[in-house]
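Me: Could you take a close look at one strand in this model for me? I'd like to know what sits around it and how it is held in place among its neighbours.

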Amino acid sequence: MAGSLKRSSQLVLREDLQVMHKLSILQQADTGKSITGICRQNHIDRKTFYLWKERYQAEGLAGLKRAASTHKDTTPPEVIEKVLGISDAHISWGCGKIANFLKQNGIEISSPTVQKILIRNNRASLEERKKRFQDSDVTGALSLLEPGEVNNEDSSTVRPLWQRIKSSIEKDVLNGNFAPGTKLSSIKALQSRYNISFPTIRRALAACEDDGLLQPSNRGWVVPRLYAGRKGKKIVLIGRCKKITDAKLEGIFNEELLFHLEAEAAQAGIGISILIHEEGSLSFYDFKTLQPAEMDDSEQVFGYIYLMHRFGEEQEQMLRRLSHLNKPLAILDEVGGWKYQTATSTHNLKVFSIATSSQPARTIARYLLELGHLKIAYFSPFHKHPWSKQRFVGLTEIYAKAGYDANVTLFSIDGHGANIDYYSDSMSRCDSTNLIDYYTQWKEQAPGIYTTILDPLFISEVPLACSNAEIIRQLEPHFEQALRDAEITAWVFANDSVAALARRYCKECSIDVPHRVSIVSFDNSLEALRNRLTSYSFNIQAYAHSMMDYLIRPNSTHWFGKTKPVMLEGIIVERDTTRKVDPTRR
């Protein structure tokens, strides 16, 4: 073989470099080196070496040449359409991520094939995809995907480690774990926090800096504060009231949200204008003066926040009206289960979904399992709402994964959606009309200051108190049934107001909370604080900051191109109504 290799070496100069490289590797075998050592040195396996040798002995240099590709483009049109649809819906995804995503959904395609498809269809670079996103309708892109595919946008299994760490840092920033103005810990501390290497954390931090999530500061990084750029700018908040004269925003979180929004606006140096509309009407009134007002679409307005407490034809019309304004629109969605077809036709919209997913309930389920509560009950007098159903789903999912498939018992009432909806039921059993009539006669003789103070009590608090009494009356048989099952050691309630009523019931019936039964709920409202309830906090402050950040910087990379609703993480605030289960009870 040595003589043959020497004669053939005269022809190598006429061949391509690949053939020369293969031939040089084969020639190394004549020097007495071991085949294993040659393969290891040249980063090939022994099988490849003997394949080259066999081809060379049989065909000479022609056997070492790579055969010209005769492969034709056989990618089915429907797969090409899928690739383009995913690329349009997720403009930040690269070829590898798209290929891996399709493989997870049963479509075999290579990363180079995806790249060729994107190049042929003018989607090769991120800039090209951004331009298409701005010029086209995102709804069309989303419609190409099968149901549920979009929900995999954050799947960590198809992304490099540095991208996953970048997402973790982004979540920490959005969730308020790194507050605005806070300087991040040292690189070593961040390596320990995320359990990664130095190059990986450096690359993730650099990417966060490029996206505007972080700013460099004294050999480190700081979370930027909101900055309006110039004075006189403002945002417009839009809410709904039962009656304009009440001037009270509907929604569980709206007052707390407004509190934090005003603080964020003050720090950013911008104003907040509040418009309200009455139930059943789209006419606006100024929240401060209660005088009729028009929608402000001037250059001084950054954008709009729409508080969505319910969804129906009225809200659909409002979304249609707001979508025509050429300003960013942030929606605080407390409803869940609705489709914003009108809203998705505009790229200036971001939905911030609060209390609508099953994630908070999953967090509570893990918390209760850690305390040893192996069987629990879920109580909801508002189970007609999707958010209530999602909370039950979250509880059952985690308990099923822990091996307790049938250990979450549902006690629900499906007829009503809010506490006050039970007022009509209460009137049929205990008519409060006489009480209100007596008050009306009494206040004719009382000093004006007394009626000013007491009017809100009789206008809103008396009906609400009657409604709460009716809720307890209808839930009482469920409480008794749950108490008969000694294995149920924790009660989970749909919200704090119902949990507070249940704790009052337990006190009247001498039921020891938390020793006989633990109580946990959602919202972490003032009701939870007053009644010392363990409750899930939805992190309203972080929602306020994120919405303000979106309105001020809508084109920031960490907002651009993301179509999924924003859902921030909350925490469980532990108080007096939960404890570990005594093992002797099992």
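Reply: Happy to. In this predicted model, Ile 331 of β8 has Val 351 in β9 as its bridge partner. That pair belongs to a parallel arrangement in which five bridges join β8 to β9, residues 349-353. Another partner of β8 is strand β7 (residues 301-308), again in the parallel sense and over five bridges; here Met 308 stands opposite Asp 333.

Now for the surroundings of β8 itself. In a regular strand the side chains alternate between the two faces of the sheet. In β8, Leu 329, Ile 331 and Asp 333 lie on one side, Ala 330 and Leu 332 on the other, and all of them are buried. Buried stands for under 20% relative accessible area. Because five of the five residues of β8 (329-333) meet that mark, the strand is largely enclosed by the rest of the structure.

The connection from β7 is worth following too. Together with helix α14 (residues 313-323), β7 and β8 make a right-handed β-α-β unit. The helix has buried residues of its own: Glu 314, Gln 315, Glu 316, Met 318, Leu 319, Leu 322 and Ser 323. Among the elements that cover these buried residues of α14 are β7 and β8, and the cover also includes β3 (234-241), β4 (271-278) and β5 (284-286).

So, to put the picture together for you: β8 pairs with β7 and with β9, is buried on both faces, and contributes to the cover over α14.

Technical notes: Residues are numbered from 1 along each chain as its sequence is written. This is a predicted model: local features need pLDDT of at least 70, side-chain atom pairs count only at pLDDT 80 or more; totals for chains, interfaces and linings use all residues. Side-chain values use heavy atoms; hydrogens and water are left out. Buried means under 20% relative accessible area, exposed over 50%, partly exposed in between (1.4 Å probe, protein chains only). Helices (H or I, at least four residues) and strands (E, at least two) are DSSP runs, numbered from the N terminus. Two strands pair if DSSP finds at least two bridges between them. A crossover is right-handed if, with the strands pointing away from the viewer, the path from the first strand over the helix to the second runs clockwise. Contact means heavy atoms within 4.5 Å.
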